[in-house]
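The paragraphs below lead through a single structure, beginning with its sheets and moving on to a helix and to some local features of the backbone. Please keep the sequence and the model side by side while reading.

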Amino acid sequence: MMLRYCFLILMVFNLSFITANESIKELINKGELKVAIKACDEILKHTDKKSKDYVIADSLKQIAQRIYVDFSKNETITDSILNKRIGAFTPEQKTSWENNKWLEYRILDGKKRYFKNAVGNLILRLNQIRDSINAGTGKLDDFAQFKINYVNDLFSDGYENGKPSQPKNFSIKYTVSLKPNQVPEGETIRCWLPWPKETHLRQGNIKLLNTFPADYKISKANSEQMSIYFEQNTEKDKPTVFKLEFDYTSSVQYFDISKFQIQPYKTNSKLFQKNTAEQLPHIIFTDKIKHLADSLTQNETNPYQIVKNLYYYISNNYIWSSALEYSIIPNIPQYVIEHRRGDCGMKTLLFMTLARYKGIPVKWQSGWMLHPNELNLHDWCEVYYENIGWVPLDMSFGLLDTDNDKIKEFYITGIDAYRMIVNDNIASPLSPKKTFLRSEPYDFQRGELEWKGGNLYFNQWNYDMEVEYK
């Protein structure tokens, strides 16, 4: 411990802030979180609060603390959950699950700590293995059947190829509640809540009905991440509540690519260059990405066939699972490849990275999914085809379980109407600008809260989504 303390003092007082911050990152990567947090505290103590160095040290401290939140269960508790949910297991089985990254843990401060949803993700993996053995004998769950029925009805009713159609009307109530006494009484809470994009063809008739507090600011319509901003002072022993009510309309959109003639990309255009570029820290053309993309596409040059090959592979090989918070994952596509699982955004980022490396323009899109009984945050993307335009693609909805290929492949070139689009990019600045590291630095779906003393993380507040179908 004394050696660590000496290292800490040396780092803070004798090294530059840049070197110190890199050293702290290394400590976090090694799981030395207590030491990393102490180092951050020393920097924060001796740095001007308005400086860039202060914000960086604060951000690193937050990341270390967030790892504790996600990896919150010790071995005794995890074993108890395993026994309750799976039954008796051998030490050899558990070791195998851990080695295969099915039962996720990290060594933090010298102790094994498990991801809070590690057992649930393990069960998903074991169920996938069981289902593959018993392929063709299982019954589709309700949501899987809903999607097949929805797409079948769309094709039966008729649609205009590539045009938004069959609109649905939604009335939304969204509430964020900061838990009592998270900050001192009388302090101002800055709050950004998600707001539907007003410039997308699939979405319109947006009407704000009510807010609390009454004063607000909506970001510019061309913002890549749309928000509505509030401020409110805290009261002792009371939650600080922000409320938002609005109506809007969303439409389905489907492209039958066989009816279009895809032209060669205009590689000098800003659109092509922006949407085929790397986008750190997650969209990076690593050797693993290059090898995987090349092996899946080989000598294929048709953009749609490349997209289809990538989509089939990810859909068939990476299961959906509960995810770590994105801010504590250094490279999300690499994580998905290594763990062979991910949630909607993680699988989408993997697809985007593979596609961009192959010269296919693709951009992030996200917000909410509003399907009956399946209300949730959700991520997907759009692929650009020359002579067609932007075509929606939902990577995590995957290939539908049917022998009808047109229905099966719907989400490669289509999207249902049960969506609310908030974002057209990742990691775009909020308006007004946020001072401290966001709880979700890349996506924006739940909202963001902060005060003059720092960011307010997800475990400090609750959110509630209510939808009325009109």
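In this predicted model, a good place to begin is an open sheet of 5 strands, which follow one another in the order β6-β7-β4-β16-β17 and pair in the antiparallel sense. The edges of this sheet are formed by β6 and by β17, the latter covering residues 454-456, and each of these two strands pairs on one side only. Further inside the order, strand β4, made up of residues 188-194, runs antiparallel to β7 and is joined to it by 7 bridges. One position at which this pairing can be followed is tryptophan 192, whose bridge partner in β7 is tyrosine 229.

The loop between β6 and β7 holds serine 219. Is this residue buried or exposed? Serine 219 has a relative accessibility of 6%, so it counts as buried, the cut-off for that class being under 20% relative accessible area. When residues up to four places away in sequence are left aside, serine 219 touches Gln225, Met226, Ser227 and Ser431.

Another loop, the one between β5 (203-212) and β6 (217-218), is the place of proline 213, and here the peptide bond that leads from phenylalanine 212 to proline 213 is cis, with omega near 0°. A cis peptide bond is also found from leucine 280 to proline 281, in this case with omega near 10°; proline 281 belongs to the loop between α9 (270-275) and α10 (287-297).

The backbone deserves attention at two further positions. Glutamine 166, although it is not a glycine, has a positive phi of about 45°, and this residue is placed in strand β3, which comprises residues 165-178. With a relative accessible area of 29%, glutamine 166 is partly exposed. Aspartate 237, likewise not a glycine, takes a positive phi of about 65°, but its setting is the loop between β7 (227-233) and β8 (240-254). Aspartate 237 counts as partly exposed as well, at 49% relative accessibility.

Turning to helix α12, which spans residues 332-339, one may ask why this helix can be described as largely enclosed by the rest of the structure. The reason is that 6 of its 8 residues are buried, namely Ile332, Pro333, Tyr335, Val336, Ile337 and His339. At the start of α12, a side-chain oxygen of asparagine 331 comes to within 3.1 Å of the backbone nitrogen of glutamine 334. Beyond the other end, just after α12, arginine 340 adopts a positive phi of about 55°.

A second open sheet remains to be described, and this one consists of 4 strands in the order β13-β12-β11-β15, again with antiparallel pairing. Its edge strands are β13 (389-393) and β15 (419-423), each of which pairs on one side only. On average, and with direction ignored, neighbouring strands of this sheet are turned by 40° against each other. Within the sheet, strand β12, which covers residues 376-385, pairs with β13 in the antiparallel sense over 5 bridges, and glutamate 382 offers a convenient position at which to trace the pairing, since its bridge partner in β13 is proline 392.

Key
Residues numbered from 1 in each chain as written. Predicted model: local features only at pLDDT ≥ 70, side-chain atom pairs only at ≥ 80, totals over all residues. Heavy atoms only, no water. Pairing = 2+ DSSP bridges. Axes fitted to C-alpha atoms, helices over the stretch in contact; angles between N-to-C directions. Buried < 20%, exposed > 50% of the residue type's maximum accessible area, 1.4 Å probe, protein only. Polar contact = N/O pair within 3.5 Å; in protein donor to acceptor, adjacent residues only side chain to side chain. Contact = heavy atoms within 4.5 Å.
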